[in-house]
Amino acid sequence: MSSYQKEQTDALSMVHQYLASVFPDEKRELEFLAADYLLFRKDIDIFLSGYFGEICTQNCYQKSISACCSREGIITFFADVVINVLVSQKNEIEVLLKVLQRPNNGYKCIYLGENGCLWRVKPIVCEMFLCEPAKKKVFIEKPLALDKWDEFNKRKKMFTWPDRPVLFDILEKYFIDAGYSSPLMYMHNSPGLLRVKRGQEAGTYS
Ligand code: SF4
């Protein structure tokens, strides 16, 4: 198992076990925290399937290119894991844990299954990735779509960019306060993001 797979396995098992053990009220509190983000993700899904569904199906899935899933180790934030576990069934998490046990000999993401991504709510980095040929085709033909995409990028920051209190930071802190730690807690261990947070504290970004 690679170090990437071990980090992913540890984070996934930790969150899965923790959420399976908490009182329903505590889980509901986390679901409440994530509710706006899930609406945001639903809006993006509608946008992507409307504007990019056809081109992605032709270029990637039918031709088996899947360029957006061709990295061996995609960046996942700890909050990505928490949100996905919150909305997944136990058997879906077990599938993820199982694939993480296998050696990844190909050049594809370990989470890429026969019918696409195995995550129910895939990591935000994946959701917001559009390959250049797809962007060129859609945004040149439909400039309004580009405006919408820019809007989505701004909305994404409201959840993920810690120049203000954001969901991705809050979820990490929630688990840190419960005594857990993970290398995927980038909001608490990435020098760049910590600098952004220090700017928030100093009022630079207000
Ligand atoms: S996590 Fe899912 S969407 Fe992201 S690269 Fe892997 S298979 Fe693709």
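## Close-ups of a predicted model

**View 1. Glu92 and Arg120 pair up through a salt bridge, with 2.9 Å between the closest N and O atoms.** This contact ties together distant parts of the chain, since Glu92 sits in helix H4 and Arg120 in the loop between strand E2 (116-117) and helix H5 (124-127), 28 residues apart. Glu92 has a relative accessibility of 23% and counts as partly exposed. Arg120 is partly exposed too, at 49%. Keep in mind while looking around that this is a predicted model.

**View 2. Helix H4 (residues 90-101) holds both Glu94 and Lys90.** These two residues also form a salt bridge, and their closest N and O atoms are 3.3 Å apart. Along the chain they are 4 residues apart, which is about one turn of the helix. Lys90 is exposed because its relative accessible area of 55% is over the 50% mark. Glu94, at 39% relative accessibility, counts as partly exposed. Side chains of opposite charge can pair when their charged atoms come close.

**View 3. Arg164 and Asp163 meet side chain to side chain in a salt bridge, 3.0 Å from N to O.** Is Asp163 buried or exposed? Asp163 is buried, with a relative accessible area of 15%. Arg164, on the other hand, is partly exposed at 35%. Elsewhere, Arg41, Lys122 and Glu127 are joined into one network by salt bridges that share partners. Over the whole structure there are 13 salt bridges.

**View 4. A shell of residues surrounds the ligand, including Cys68, Cys69, Cys109, Cys117 and Cys126.** The rest of the shell is made up of Ile74, Tyr111, Leu112, Lys122 and Pro123. Sorted by class, the shell has 9 nonpolar residues, no polar ones and 1 charged residue. You may recognise Lys122 from the salt-bridge network with Arg41 and Glu127.

**View 5. The second largest pocket has a volume of about 250 Å³.** Which residues line the second largest pocket? The lining consists of Ile75, Phe77, Ile124, Val125, Met128, Asn153, Lys156, Lys157, Thr160, Trp161, Met187 and Leu193. By class, that lining splits into 8 nonpolar, 2 polar and 2 charged residues. H5 and helix H7 (143-160) each contribute at least two residues, and H7 gives the largest share, 4 residues.

**View 6. Here we zoom in on Ile124, a residue of helix H5.** Ile124 is one of the residues lining the second largest pocket. With a relative accessibility of 3%, Ile124 counts as buried. Ile75, another member of that lining, is 49 residues away from Ile124 along the chain, and the C-alpha atoms of the two are separated by 9.0 Å.

**View 7. Helix H6 (residues 132-141) has Ala134, Val138 and Phe139 as buried residues.** Why do these buried residues line one face of the helix? Seen down the axis of H6, they fall within an arc of 100 degrees, so they line one face. The other side of H6 carries the exposed residues Glu132, Pro133, Lys136, Ile140 and Glu141.

**View 8. Helix H8 (residues 167-177) has a set of buried residues, among them Leu167, Phe168, Leu171, Tyr174 and Phe175.** Asp169 and Glu172 are buried in H8 as well. Just after the helix comes Gly179, which takes a positive phi of about 100 degrees.

**View 9. Lys42 and Val82 sit in two other helices, Lys42 in helix H2 (residues 24-62) and Val82 in helix H3 (residues 78-87).** Lys42 is exposed, with a relative accessible area of 52%. Val82 is buried, with a relative accessible area of 0%. From C-alpha to C-alpha, Lys42 is 27 Å from Lys98, and the two are 56 residues apart in sequence. For Val82 and Arg164, the C-alpha atoms are 20 Å apart and the sequence separation is 82 residues. That is the Arg164 whose side chain meets Asp163 in a salt bridge.

Key. Residues numbered from 1 in each chain as written. Predicted model: local features only at pLDDT ≥ 70, side-chain atom pairs only at ≥ 80, totals over all residues. Heavy atoms only, no water. Near = heavy atom within 4 Å. Nonpolar A, V, L, I, M, F, W, Y, C, P; charged D, E, K, R; others polar. Buried < 20%, exposed > 50% of the residue type's maximum accessible area, 1.4 Å probe, protein only. Arc of directions from axis to C-beta. Salt bridge = Lys/Arg side-chain N within 4 Å of Asp/Glu carboxyl O. 1 Å grid on protein atoms, 1.4 Å probe; cavity = no way out; pocket = protein on both sides within 12 Å on 5 of 7 lines; lining within 4 Å. Points joined across faces, edges and corners; volume = space filled by probe spheres on them.
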